[in-house]
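I'm starting a fresh page for this one. My plan is to look things up one at a time and jot down what turns up.

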Amino acid sequence: MKKLFAVILTLLLVLSLPLFVMAEETTTAPETLADTAPEEVTSTPETAEDTAEEVTESGTGSETEPEIRFGFYPETAWVTLPIMGMGMLGIFLVTLVIILAVLVLSKIGQNREED
Amino acid sequence: MSFLQQLGDLFSNVTNLTWQQLVMWIIGGLLIYLAIKKDMEPTLLLPMGFGAILVNLPNSGAVNQWVEGVLEEGPIDVLFAAGIANELFPLLLFIGIGAMIDFGPLLTNPKLMIFGAAAQFGIFFTLFLANMVGFDLKDAASIAIIGAADGPTSIFVANYLGSNYTGAIMVAAYSYMALVPIVQPPVIKLLTTKKERMIRMTNKDVRVSKRTKILFPIVITIITGIVSPKSAPLIGFLMFGNLIRECGVLDSLSETAQKVLANLVTLFLGLTIATKMQAEFFLRWQTLLIIVLGLFAFIFDTAGGVLFAKLLNVFLPKDKKINPMIGAAGISAFPMSARVVHKMGLAEDNSNFLLMHAIGVNVSGQIASVIAGGLILNLIG
């Protein structure tokens, strides 16, 4: 089992390298989306902060009818796939760190009890 | 003015009633029915159902109304601004949830946490799907977080990202959480063989020290907070609730958090979220699409957990195989998902008790879903 986790950890780290390179693109996702998706897709507020302001000001949030044209836009995959990869990789890495931390904690707890 | 005219004026508001509001009454009634008759998440579906009727009365004073150019504030909108727009209610609820969770089963076998991570696949896959059908990235992320199977996280993320569909997202999130016993079994059965479902897992007889239980919430908060700072409030409040449970010197606070605080916040949360169920915001065909995407999120979460367990089994020795069904418990809907897995295990072999393993995975799913929410905010917010 320990070997298996070591293999998984190594694999994740190796796989993460190209994704970290892609991260730079991910940070500019709204711009990329604007290039690839229909105009309406980009009609959201610029940042979450802008949106938060609207929510606070109106009290009930900005529930206006969004101007979104629904359909099938496979080109958006170029934006969401890196996010998907980064997200899953991020979860696995954080989880592995937590597992290691818990194993250390358990060891400390056991040693103390034995003492 | 004749008596009849006065009587007519008295009831003139009836003419303001729209068919959309009537539909919302029916939806509200349906939520109340599901809560009472079917016992589906009654603590939230009932207030939401009643709230849906309340805010859809013509010119309802419960929500903000413009009267002759002057804004008359409604109490539900005031509550929304005070507790949801600033993400306070979901966070307070997390203190109660943290105080309710015993991380013991997870601490006895921490490796189970990996399934909690795998079972968040549905969130990111749904983000991919929602964006592909035309939702903008922030709305797609808010819809995807339905797959966290965790109401407060869904509210927090959707609100933070300023989603246009908070009402529909909430209804979908809580409805599917209640529908876990219906949604998960077919997916699990589809992806596993009978032989796999009968795999027995040994129960480790490990005693977790009090020190470990106390340090656990602190360490998790630090690790998660550093990696995903935007999830710090979510994980922090959850783990604070757990710390007051485990520390052993705040029993009274722990009990208050588990019962009084959780109940009070749930009461306000359910009623307040109804402001997003006003007919003009809710009755859109996008709502239907969100309900479908939410179902996808739950299905792919389940599939992610099960398939990851199957993948691990390829590498594991014969006597250490994992029952792949426990992977499905990683979706966080606590404790329904663990119960579902346990019952399915018993149905295949009535002496195969998977409960402790499933609970361990289930509570790890709770942590993983919060991490997923934080990562989404980091990547998109």
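Where in chain B does Leu112(B) lie? I found Leu112(B) in the loop between helix H6 (104-108) and helix H7 (113-118) of chain B. A note to myself before going on: this is a predicted model.

**Entry 1, more on that leucine.** I wanted to know whether Leu112(B) is buried or exposed. Leu112(B) has 27 other C-beta atoms within 10 Å, and 20 or more is the cut-off, so I put it down as buried. Then I looked up its contacts, leaving out residues up to four places away in sequence: Leu112(B) touches Leu106(B), His357(B), Gly360(B), Val361(B) and Ser364(B). I checked Gly360(B) further: Leu112(B) and Gly360(B) are 248 residues apart in sequence, yet their C-alpha atoms are 6.5 Å apart in space.

**Entry 2, helix H10 of chain B.** How many of the 10 residues of H10(B), residues 151-160, are buried? I got 10 of the 10, so this helix is largely enclosed by the rest of the structure. The buried list includes Pro152(B), Phe156(B), Asn159(B) and Tyr160(B). After H10(B) I came to Gly162(B), which has a positive phi, near 65 degrees.

**Entry 3, H16 against H3.** Next I looked at helix pairs in chain B. The axes of H3(B), residues 42-55, and H16(B), residues 251-273, come within 7 Å and cross at roughly 40 degrees. I noted the crossing of H3(B) past H16(B) as right-handed. On the H3(B) side I see Thr43(B), Leu44(B), Pro47(B), Met48(B) and Gly51(B); they meet Thr266(B), Leu267(B), Gly270(B), Leu271(B) and Ile273(B) of H16(B). Sorting the residues of this contact gave 6 nonpolar, 4 polar and no charged.

**Entry 4, H16 against H5.** H16(B) turns up again, with H5(B), residues 88-100: their axes come within 8 Å and cross at roughly 145 degrees. Here H5(B) passes H16(B) in a left-handed crossing. Among the residues making the contact are Phe89(B), Leu92(B), Gly96(B) and Met100(B) of H5(B), and Ser254(B), Leu261(B), Thr266(B) and Phe268(B) of H16(B). I counted 13 nonpolar, 4 polar and no charged in this contact. Thr266(B) had already appeared in my list for H3(B).

**Entry 5, a look at chain A.** What elements does chain A have? I found 4 helices and 0 strands, running α-α-α-α from the N terminus on. Of the 115 residues in chain A, 26% are buried. I also looked at its contacts between residues at least 6 apart in sequence, and 77% of them join residues at least 24 apart.

Notes: Residues numbered from 1 in each chain as written. Chains lettered and ligands numbered in written order. Predicted model: local features only at pLDDT ≥ 70, side-chain atom pairs only at ≥ 80, totals over all residues. Axes fitted to C-alpha atoms, helices over the stretch in contact; angles between N-to-C directions. Left-handed = near helix turned anticlockwise from the far one by under 90°. Contact = placed C-beta atoms within 7 Å. Nonpolar A, V, L, I, M, F, W, Y, C, P; charged D, E, K, R; others polar. Buried ≥ 20, exposed ≤ 12 C-beta atoms within 10 Å, placed from the backbone.
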